[in-house]
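Let's take a walk through this one together, starting with charged side chains and ending up at the sheet. Have the model open and follow along.

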Amino acid sequence: MISAAPDISSPVGVIAGGGAMPFAVADQIAARGIKPVLFALRGACDPVEVERFRHHWIAVGQLGRATKLFREEGCRDLIFIGTLMRPALSEVRLDFKTLRLLGNVIRAFRGGDDHLLSSVGRIFEQDGFRMVGIRDVAPDLLMPEGCITRAAPDVGAIADIQRGGKCLPRLGRSTSARPRW
């Protein structure tokens with residue numbers, strides 16, 4: 001599969017949360033001949049698995065440290081990948097740059113998770129980095145379009161799928177991940 005962004009530069013900075021996806025993405029990046037550098041989030045990223053890659057540990061709130069490390073490693077392209085629970089305030093490590101941008105950071109926390117990640121991504125982009133997605137660096141990890149089983153959805157299931165598709169834009173704007181029953 002050909003990447004949607006053929007001008008991905010090496011190395012790619014993988015801001016790695018929890019779960020298996022950061023390592024699957026890093027493996028796919030490496031398989032394409034591009035060097036991944038993991039920026040492992042303390043308390044989220046697997047400390048054993050991360051040892052397979054060039055990596056640095058960073059804490060939530062260390063925007064200045066992260067920016068410095070991205071530059072030192074030559075990472076122009078960055079991807080957020082993996083799970084991350086919002087940390088308790090006592091676990092956040094604010095460095096000078098984060099304190100300077102505290103107004104932006106507080107506004108970012110007022111939205112949902114997507115708003116928070118997008119806001120942090122914009123901060124990195126303002127510093128000259130480019131946020132990329134899984135489609136750009138590891139497209140083979142995405143599900144292909146269409147039916148992937150022998151059993152195709154019936155008319156009722158297709159109607160449910162279409163209804164769900166209409167609900168997604170409203171769910172995406174939600175400020176809470178919890179369902180509202």
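Before we look at any pair, we need one cut-off: a salt bridge here is a side-chain nitrogen of Lys or Arg within 4 Å of a carboxyl oxygen of Asp or Glu. Keep in mind that what you're looking at is a predicted model. With that rule in hand, find aspartate 77 and arginine 76: their closest N and O atoms are 3.7 Å apart, so the two form a salt bridge. Aspartate 77 has 0% relative accessibility and therefore counts as buried, while arginine 76, at 34%, counts as partly exposed. This pair isn't on its own, either: Asp7, Arg76, Asp77 and Arg130 are linked in a network of salt bridges.

How many salt bridges does the rule give? The count comes to seven. One of them joins glutamate 73 to arginine 54, with N to O at 2.8 Å. Here the link is between distant parts of the chain, 19 residues apart: glutamate 73 belongs to helix α2 (residues 63–73), and arginine 54 to strand β3 (residues 54–58). Glutamate 73 is buried, because its relative accessible area is 11%; arginine 54, at 47%, is partly exposed.

Now stay in helix α2 and look at glutamate 72 and lysine 68, whose side chains meet in a salt bridge at 3.1 Å, N to O. These two sit four residues apart, about one turn of the helix. Buried or exposed? Glutamate 72 and lysine 68 are both exposed.

Time to step back to the sheet. Five strands make up an open sheet with parallel pairing, and the order is β3-β2-β1-β4-β5. At the edges you'll find β3 and β5, each pairing on one side only. Strand β4 (residues 77–81) pairs with β5 in the parallel sense over two bridges, and there we meet a familiar residue: aspartate 77 has arginine 130 of β5 as its bridge partner. α2 packs on this sheet too, touching β1, β2, β3 and β4, and its direction makes about 165° with that of β3. Helix α1 (residues 21–31) lies across β1 (12–16), β2 (36–41) and β4, running at about 170° to β2.

One last stop: glycine 133, in the loop between β5 (130–131) and α6 (134–137). Glycine 133 counts as partly exposed, because its relative accessibility is 24%. From glycine 133 to aspartate 77 is 56 residues in sequence and 9.7 Å in space, C-alpha to C-alpha.

Conventions: Residues numbered from 1 in each chain as written. Predicted model: local features only at pLDDT ≥ 70, side-chain atom pairs only at ≥ 80, totals over all residues. Heavy atoms only, no water. Buried < 20%, exposed > 50% of the residue type's maximum accessible area, 1.4 Å probe, protein only. Pairing = 2+ DSSP bridges. Contact = heavy atoms within 4.5 Å. Axes fitted to C-alpha atoms, helices over the stretch in contact; angles between N-to-C directions.
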